[in-house]
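Hi there,

Here is the structure I promised to pass on to you. Have a look at it first, and my notes follow below.

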Amino acid sequence: MIPEHLILLSTRVCAGYSPFHQYLPPPFQVPTTPYLPKRAVECFRSSCQPSGRVGFLSKDLLASMRLTSIIQLAIMTLQLSLHVMLVLKELVSCASEKVPVPTAKPEFLTLILSGATAYISLKKLGALSEVEKVFVTAAAGGTGQFAVQFAKRAKCHVTGTCSSNEKAGFLKSIGCDRPINYKTEDIQEVLRKENPKGLDVVYESISGELFDLAINRMATKGQLIVIGFISGYQTATGIQPVRTGTLPAKLLQKSASILGFFLPHYLSEYKAAMKHMLEMCEKGELVCEVDLGEITPEGKFVSLESVFRAVDYLYLGKNIGKIVVELPHSVSSKL
Ligand SMILES: NC(=O)c1ccc[n+]([C@@H]2O[C@H](COP(=O)([O-])OP(=O)(O)OC[C@H]3O[C@@H](n4cnc5c(N)ncnc54)[C@H](OP(=O)(O)O)[C@@H]3O)[C@@H](O)[C@H]2O)c1
């Protein structure tokens, strides 16, 4: 049975204070007031419409609200989750630009944020070409899985990091040439031995030590694309320190570069990306792995209450593919 509502769980959802606030462009800059996850879930519950099919909020509800209320709602509900902002923008401002999906399957949700991020960032910044060495961190996660597949499509050699043998198996199944389970292998050693000329493109979402390590293993003219910094999200400052003291010298020595990517800055590319990814899905050329939490002791992530469990699961690094929480029944709107 197709659920009426599905929530795509971003790393930001209910994570408490979001350090991303300060980086958002107007009109999305907001006071950095922390909201408790419980409050966020309550607000979310009162904002769902029974008519919605796939997405956070129904189109009719959004159309009837002023932009300021929508922004406020987004802040209150999901701590300015990147995904919420994206969906709101798509639904409210670009209703005619929507890309239809063939069926309401959770797999398609993975494309909205994770797939689009990997697709557009690698297309616009990665300039992938054959036989390049690509290194993807959190490769078996929601976004990483797509970076691996798009790099393989461009005929690159892909190394991906993950934290279990099961994830390594999944990475193999989607074409990753060299999954590294960092719990059992030394990433630095593997890279030094197996990529002696260095990494041409690094797709980085973890930061901290892994960022430093990747910088040290860059090839001449290598590019490191920063899409996130998850190792810091649960810390007091929201970001783990990196070794920047020697960075100018390291970049100069290799003519290397670091490029940031934030999806809302590339919305003009969004529709074409979605269209292409959906075509790839139809042809069976793209795996969209979702993690519904079925293997957790409490079972599948169902209902708003299970968002807390899903967030813990995500930060424990247990997920393979994108975590999706299912809302199986209608929730009435109080707005
Ligand atoms: N720039 C953008 O526009 C944009 C858009 C979407 C997402 N993002 C970013 O992309 C990254 C991935 O997001 P996602 O939603 O797809 O998540 P995800 O990759 O599905 O899940 C996070 C994974 O990160 C790994 N990880 C490594 N160190 C971790 C730590 N200290 N705490 C928690 N997890 C850790 C874990 O896998 P292993 O330990 O097995 O590697 C975990 O499964 C995030 O940094 C997110 O902010 C950016």
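Let me begin with a pair of helices: helix 5 and helix 6 cross in a right-handed sense. Please keep in mind that this is a predicted model. The two axes come within 8 Å, and the crossing angle is roughly 40°. That angle falls between the limits for roughly parallel and roughly perpendicular, under 35 degrees and 65 to 115, so helix 5 counts as oblique to helix 6.

If you want to look at the contact itself, show Ser114, Gly115, Ala118, Tyr119 and Leu122 on the helix 5 side. Their partners in helix 6 (residues 144-153) are Phe146, Ala147, Phe150 and Ala151. By type, the residues of this contact comprise 7 nonpolar and 2 polar, with no charged ones.

Helix 5 also packs against a second helix, helix 11, which covers residues 270-282. Here the axes come within 10 Å and cross at roughly 100°, which makes helix 5 roughly perpendicular to helix 11. On the helix 5 side you will find Leu111, Gly115, Ala116, Tyr119 and Ile120, and they meet Tyr270, Ala273, Met274 and Met277 in helix 11. This contact has 8 nonpolar residues, 1 polar and no charged. Gly115 and Tyr119 are worth highlighting in your viewer: they take part in the contact with helix 6 and also in the one with helix 11.

Now for the ligand, where helix 5 turns up again. How many residues surround the ligand? There are 30, and the closest are Gly141, Gly142, Ser163, Gly228 and Gly317. Two or more residues of this shell come from each of helix 5 (106-126), strand 3 (157-162) and helix 12 (306-315). Helix 5 gives the largest share, with 3 residues.

Which domains does the shell draw on? At least three residues come from domain 1 (5-98 + 289-327), and at least three from domain 2 (111-263). As for the character of the shell, 15 of its residues are polar, 13 are nonpolar and 2 are charged.

I would suggest starting your own tour at helix 5, since the notes above keep coming back there. Let me know what you think once you have had a look.

Best wishes

Methods. Residues numbered from 1 in each chain as written. Predicted model: local features only at pLDDT ≥ 70, side-chain atom pairs only at ≥ 80, totals over all residues. Near = placed C-beta within 6 Å. Helix = DSSP H or I, 4+ residues; strand = E, 2+ residues; numbered from the N terminus. Nonpolar A, V, L, I, M, F, W, Y, C, P; charged D, E, K, R; others polar. Domains from an automatic or database assignment. Axes fitted to C-alpha atoms, helices over the stretch in contact; angles between N-to-C directions. Parallel < 35°, antiparallel > 145°, perpendicular 65-115°, else oblique. Left-handed = near helix turned anticlockwise from the far one by under 90°. Contact = placed C-beta atoms within 7 Å.
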